[in-house]
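Q: Please take a close look at one chain of this model. I would like its make-up, its core and its contact with its partner.

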Amino acid sequence: MIRRFVLAATVALLALTLPAPTEAQQPRRGGVLRIADREAPNLDPHLSISFLTHSWASMAYGQLVRFPHGPEQRHTADFSILPDVAEKWEYTNPTTIVFTLRKGVRFHNKPPVNGREVTSADVKYSLERFMAKSGFKSRLDQVQAIETPDKQTVRITLKEPFAPFLNHLASPAFTAILAREAEEKFGNFNHPDAVIGTGPFVLKSYQKGVRVVWERNPDYHVKGLPYLDGVELEITPDSNTRLSLFRAGKVDLGHMWGYASVEEGKSLQKSNPEVVVTPTVTMGQGLIYMRTDQPPFNDVRVRQAVSLAIDRKAWSDGLYYGEACIDSGPVPCAMKEWKLDAAKLEPAKAKVLVGYDPAEAKKLLAAAGHPNGFATPAFHWPGYAPPWRSVYELAADSLGQIGIQVELKPEEYGKYISTTYLGKFEKMAIGPITPFTEIDDWLYGTHVPEQPNNRSHVADAELNKLLVAQRRELDPKKRKEIVDDIQRYLADKAYYVYFPTGPQYISHQKHVKGFKHHDGYGLGHRLMFTWLDK
Amino acid sequence: MRQYVLRRVGLAIPTLFFVSVLVFAMMRLMPGDVVVRMVEGQAYAPTLEAMRKDLGLDRPAHVQYLEWIGGILTRGDFGTSYWTRQPIWDEFAARFPVTLELALLTILVSVVIGVTVGIVSAVRQNSAADYVGRVLAILALSVPYFGLAVVVVVVPAILFRWTPVWTYVAFTESPAENLKIMMVPALVFGVTRAGPIMRIMRSALLDVLRQEYIRTAWSKGLPERGIVLRHALKNALIPVISLIGLQMPLYIGGSVIMEAIFRLPGVGLFFFEALTRMDYPVVQSVNLIVAALVVGLNLAIDLSYAFLDPRIRYR
């Protein structure tokens with residue numbers, strides 16, 4: 001009897017002390033999300049190449065297709081293609097794609113468009129306007145013709161098979177669907193009243209330099225979304241002020257994507273333990289690029305020596321609390337679907353890509369005719385966010401250990417971005433690369449002659465064949481095989497030397513739910529799934 | 001007086017012409033390329049050329065200059081921003097009241113603090129109050145205003161989860177709310193600018209207090225308050241007014257950082273963003289407008305000397 005009582009009492013006590021089974025929280029409608037971030041230079045998605053403009057545009061505009069977000073995404077760099085304004089699409093031959101538009105997709109209910117239904121003519125007008133006016137117009141260079149057989153159908157003919165095409169269409173940086181009437185009335189889409197799209201949020205007001213307010217699009221074509229009633233972006237140019245507003249709880253996000261550096265994230269965890277901080281390796285890459293068309297870096301042994309001189313593990317520990325991704329190139333860490341891990345490469349090749357062996361590096365230098373090393377400048381822009389200054393110094397120090405005397409050459413941003421960043425430099429430079437959403441940009445763009453991002457001046461005929469083949473291959477599986485071959489080929493060429501990629505600490509207030517990081521440039525779709533638990 | 005004003009206005013014309021040429025040339029001599037900057041290195045060559053043509057940058061420099069300056073002189077058109085595609089004057093006019101208000105409040109704070117502490121320091125020379133005032137002046141001179149601004153914004157956020165940054169509200173919309181927002185940056189900026197005013201005030205007042213007419217006033221048994229405030233202060237203010245005039249470009253320049261930190265939609269931020277984006281027409285036009293304002297303000301300050309000291313004559 002006593003034993004039974006003790007057992008019952010124990011069970012009762014456990015029931016009281018153990019937490020109740022957690023129920024998956026159901027998203028809740030309502031509330032206004034507050035963000036602090038910088039101001040977009042322009043509202044017209046075709047007249048600006050700023051990612052800020054395109055992030056803002058993604059709130060209000062839709063596209064033919066889009067990337068997955070929130071519960072749809074498998075990981076942060078999931079760039080698979082989902083329908084948006086187009087309901088479905090089909091390749092009728094390798095150079096022709098036919099899109100069928102979703103019925104009942106309407107523009108925002110604002111004059112002069114007044115909520116009319118989107119037609120194929122709108123798509124044609126928008127794509128042709130992009131190809132005529134955008135700084136990114138070359139993204140659609142492959143387009144030969146856009147036809148509209150009927151109101152619901154858009155037929156796009158390409159000059160040749162081009163696998164990255166759907167990715168480009170899904171990027172909010174390129175192909176927002178606009179209403180012609182708005183341009184006719186306002187001259188362009190820079191006027192706040194001209195911002196009329198099919199996106200999840202409607203631009204309600206814009207006070208320049210102060211605040212931009214969006215409200216929920218009640219007629220959004222995805223039923224039940226977005227959850228939020230609205231979004232207010234407090235224009236805050238200074239990063240310290242943004243973080244202070246976030247610490248003080250005046251905003252829900254201190255950056256529209258929730259970004260905080262490692263140092264900021266660690267500090268936030270101490271000062272504001274209640275906020276949600278999620279370390280995430282985001283899309284990005286830091287690298288050494290070299291004039292591989294000129295001595296001494298035209299000798300593969302010299303480039304391999306440079307790569308072997310970088311102690312990536314120590315860098316990760318020293319700069320990123322050991323939280324960096326070391327196997328960071330040529331395909332960035334975040335791009336999981338395309339990445340061929342170094343562990344799957346031949347060990348000798350993998351060593352060149354991610355290994356550390358200063359003794360071997362010295363031997364390679366000696367074999368290349370530089371037993372006493374050599375001197376080289378390293379051009380860079382010192383203004384990148386921390387820890388970039390430390391990266392430059394560490395790189396100089398690491399190469400110094402094997403006899404390469406690096407003279408750090410800081411440049412003013414205007415000069416850097418229009419010369420060094422485009423490969424116009426002597427010998428060596430150091431810096432990050434734009435986070436692209438399409439694998440073609442990471443490989444073709446950085447290794448094919450005449451491409452602006454081929455900063456190492458790579459000219460490799462064998463490699464070129466593979467690079468062209470991957471962009472012409474429309475079957476994803478076959479394309480992945482070619483991309484793997486490219487990674488195997490590139491591993492020990494050391495055309496670029498990759499540094500560890502540090503994480504971003506994605507931060508938001510505790511009551512913000514469903515906010516998932518995505519490496520695309522869209523804001524609207526990630527906020528479409530965000531909701532407030534308060 | 002009239003002739004003096006006309007002569008000064010006449011002199012302003014070559015000054016402004018020189019400023020326009022200088023800023024036009026400097027923007028184009030700056031390293032880098034605005035078109036490449038606009039596409040952040042991602043565009044391909046045909047895009048760059050097309051954009052250059054679209055912006056009119058493919059034409060000779062003198063044609064670009066004449067079109068810009070001609071637009072201002074004939075139509076009052078200061079051009080359009082390369083980045084925002086908005087008329088520059090519209091944006092300047094919308095933002096200028098914010099910067100002006102910040103500058104006026106900053107001057108008010110710096111004058112009230114600087115003049116008061118300067119007077120006390122001079123009247124009580126070598127006393128404890130004087131030493132405290134001088135130390136404060138050195139401190140104000142030594143602490144950079146942007147550093148103090150960051151501390152004021154960041155430290156309370158870490159310690160108390162509070163920060164003195166709000167969303168800007170125009171004075172015409174709500175004076176009380178506007179002043180609540182503007183006072184903190186004005187105090188931060190004003191305190192650091194009070195240092196030089198205090199030092200000049202002290203030395204100028206000490207100088208005046210040693211003049212014979214002041215000695216006469218003492219001999220006549222006038223009260224100290226009347227001697228200092230009525231007889232000495234007015235004359236001692238002339239160098240202080242000159243200093244404020246000389247500091248005007250600093251108030252405009254400093255507003256760049258203060259506006260960024262305190263989220264104020266003023267001209268400083270507009271100018272700074274244009275400069276970092278190499279937005280030639282904005283930088284050129286804002287520089288020219290500000291130069292004209294500084295020239296005009298300095299003239300006004302020169303004319304104010306006659307009010308402060310009726311012995312001054314303009315020829």
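A: The subject here is chain B, and the model is a predicted one. Chain B has twelve helices and zero strands. Along the sequence, the pattern reads α-α-α-α-α-α-α-α-α-α-α-α.

Next, the dimensions. The C-alpha trace of chain B spans about 85 × 60 × 35 Å along its principal axes. Chain B holds 315 residues, and 38% of them are buried. Among contacts in chain B with a separation of 6 or more, 72% join residues 24 or more positions apart.

Now the core. The largest nonpolar core has 224 residues. Helix α10 of chain B, residues 224-261, gives the most to this core, with 15 residues. The members that touch the most other members include M201(B), L205(B) and V286(B). V231(A), I288(A) and A305(A) belong to that group too. Take V231(A) as an example. Leaving aside neighbours within four places in sequence, V231(A) is in contact with V32(A), L33(A), I35(A) and M59(A). F201(A), W214(A) and L527(A) are also in contact with V231(A).

Last, the contact between the chains. Chain B puts 37 residues into it, and chain A puts in 36. On the side of chain A that touches chain B, three elements give two or more residues: β10 (230-235), α6 (239-247) and α13 (413-418) of chain A. The largest share of that side comes from α6(A), with five residues. By residue class, the side of chain A that touches chain B has twelve nonpolar, 16 polar and eight charged residues.

Technical notes: Residues are numbered from 1 along each chain as its sequence is written. Chains are lettered from A and ligands numbered from 1 in the order in which they are written. This is a predicted model: local features need pLDDT of at least 70, side-chain atom pairs count only at pLDDT 80 or more; totals for chains, interfaces and linings use all residues. Two residues are in contact if their C-beta atoms, placed from the backbone, lie within 7 Å. Helices (H or I, at least four residues) and strands (E, at least two) are DSSP runs, numbered from the N terminus. Ala, Val, Leu, Ile, Met, Phe, Trp, Tyr, Cys and Pro count as nonpolar, Asp, Glu, Lys and Arg as charged, and the others, Gly among them, as polar. A residue is buried if 20 or more other C-beta atoms lie within 10 Å of its own, exposed if 12 or fewer, and partly exposed in between; C-beta atoms are placed from the backbone. A nonpolar core is a set of buried Ala, Val, Leu, Ile, Met, Phe, Trp, Tyr and Cys residues joined through C-beta atoms within 7 Å.
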